[in-house]
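Q: Please take a close look at one part of this structure, the nonpolar patch on the surface. Then set it beside the buried parts of the model.

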Amino acid sequence: APYLAQQIQTSFNNNLKEHFITRIRRFMNILKPDDDLDKKDFSKIKNLILLDKMDKIPDDYKIWGENIKNNYLPKEYEKCYGYDVKVKPEKYLFYTIKMNEDVEKLNNIIRNNKDLTEEDKAYIKGEETLLETTLESLCQQLPQVQAATINANQAARELTKQVVNEWNDEERQPLISDEAVAHSILDIRKNSDKALLELIEEPYFGRVTTIEDDGNEVSFLIGKKSNIDAGIVDWRNGPIAALYFNYKQDEEFYEVINDRERSGKIKLRRSFKVENGHLVQIDSPEGIFRRTETGWEKLDADSEIAAHRSRGIHAKEKSLPSILSLITKDQFEMITTDPECPVIIQGSAGSGKTTVALHRLAWLLHENNSTVKSENTRVIVMNKSLAVYVSATLPSMGIDDVQTTTFNSWALSIIRKSMR
């Protein structure tokens, strides 16, 4: 998993180094302020923006240039943007995502969709703004997290070098201990990298706002991983996540959170589908809104049922779908029940037994929920095709180092051991 995170990070950085300048120049072409503007003159304006020589831009286009600079380029840079993106490419990930989102807005959505009311448009715009703010927070954390990983890697390598070069056993033993700690820290840092990159692709799937009896209003997002700075709570954080899974909008709630009784009303509860950093579906009491190839639309009753079953516009992956945003109160209770208690999940074919069971496993493996360890866990299924299917799904659920096997293979291994 750490190696995969490093590969993803390297791919992001290489892509930004090679293509960001070309990408923003093309983006400026889309936003060209005047169709009659001479091609050479416009090219000069784009160059002046990228060189941060705003004072030399003609007065008619200064406001347009300032808008590009302030919204799609970092405020601080070294030498020039072309040089800076080569040195610190991670700074430019957020602006790439923002450009992609704004191009989509220009191409289709809200304003061109006649079926949406002004209230619907404002509602969708608000959720898109929230996602953009959340992604900005996550992207701003990347440089610090990556720097911490680099420092941890250097410290671990240096201690390994000292252990290799130290021949005195008494001096060597403390170094070996320090080396083990350093490599553990490095693994944690790499996992932080991986978690952050995954959150940038899909930050959250739910949002809750509560009003407590004392009048205090609290809002938070629910995701597959937690990120305090971005206001995202891990769905496996039982007491807080229960406010999302156990209640509907406008219902009264009562939960014990951090040894304190909390009661009040659920002011807002919404579910989302976010794919590759793009908002594609909003599910709320006001209706289900879905992004299609041509823009946003509000679904009718029949389409709502299909939307609940679907994983997205272009979903083609052959793995078990995440049911997190669709988990019912009864299913959440089944997933989060006493970790010492065995759970039997019954249902007809296709009712979601396997997905509920695997989310139960994901909840158990969360450090705050039980003492279960992944290396002591095994998923046993009835056939090889399901074993392959589940094995491909576990990493996407944050479940690593868990073996998957068929019942026959597991039983034969027991028999072989008993016959030795």
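A: What follows describes the patch, then a buried serine, then the nonpolar cores. The model is predicted.

The patch on the surface is formed by Ile-380, Met-382, Phe-407, Trp-410 and Ile-414. Together these residues have about 480 Å² of accessible area. Helix α13, residues 407-419, supplies the largest share of the patch, three residues. Trp-410 has its place in helix α13. Its relative accessibility is 31%, so Trp-410 counts as partly exposed.

Ser-374 is a buried residue to set beside this one. It is found in the loop between α11 (353-365) and β9 (378-381). Ser-374 counts as buried because its relative accessibility is 16%, and the cut-off for buried is under 20%. A polar atom of the Ser-374 side chain lies 3.4 Å from the backbone oxygen of Asp-400. With neighbours within four places in sequence left aside, Ser-374 is in contact with Leu-365, Asp-400, Asp-401 and Val-402.

The nonpolar cores come next. The largest nonpolar core has 49 residues, and those touching the most other members are Phe-20, Ile-24, Met-28, Ile-49, Ile-200 and Ile-282. Helix α6, residues 118-165, gives the most to this core, with eight residues. For Ile-24, again leaving aside neighbours within four places in sequence, the contacts are Leu-50, Tyr-72, Leu-73 and Met-99. A second core, separate from this one, has 33 residues, among them Phe-205, Ala-242, Ala-387 and Ile-399.

Key:
Residues are numbered from 1 along each chain as its sequence is written. This is a predicted model: local features need pLDDT of at least 70, side-chain atom pairs count only at pLDDT 80 or more; totals for chains, interfaces and linings use all residues. Side-chain values use heavy atoms; hydrogens and water are left out. Patches are made of residues with over 30% relative accessible area and no salt bridge: like charges are joined within 9 Å, nonpolar side chains (Val, Leu, Ile, Met, Phe, Trp, Tyr) within 5 Å. Accessible areas come from the Shrake-Rupley method with a 1.4 Å probe; for residues, only the protein chains shown count as cover. A salt bridge is a side-chain nitrogen of Lys or Arg within 4 Å of a carboxyl oxygen of Asp or Glu. Helices (H or I, at least four residues) and strands (E, at least two) are DSSP runs, numbered from the N terminus. Buried means under 20% relative accessible area, exposed over 50%, partly exposed in between (1.4 Å probe, protein chains only). A polar contact is a pair of N or O atoms within 3.5 Å; within protein, one must be able to donate a hydrogen and the other to accept it, and residues adjacent in sequence count only if both atoms are side-chain atoms. Contact means heavy atoms within 4.5 Å. A nonpolar core is a set of buried Ala, Val, Leu, Ile, Met, Phe, Trp, Tyr and Cys residues joined through side-chain atoms within 4.5 Å.
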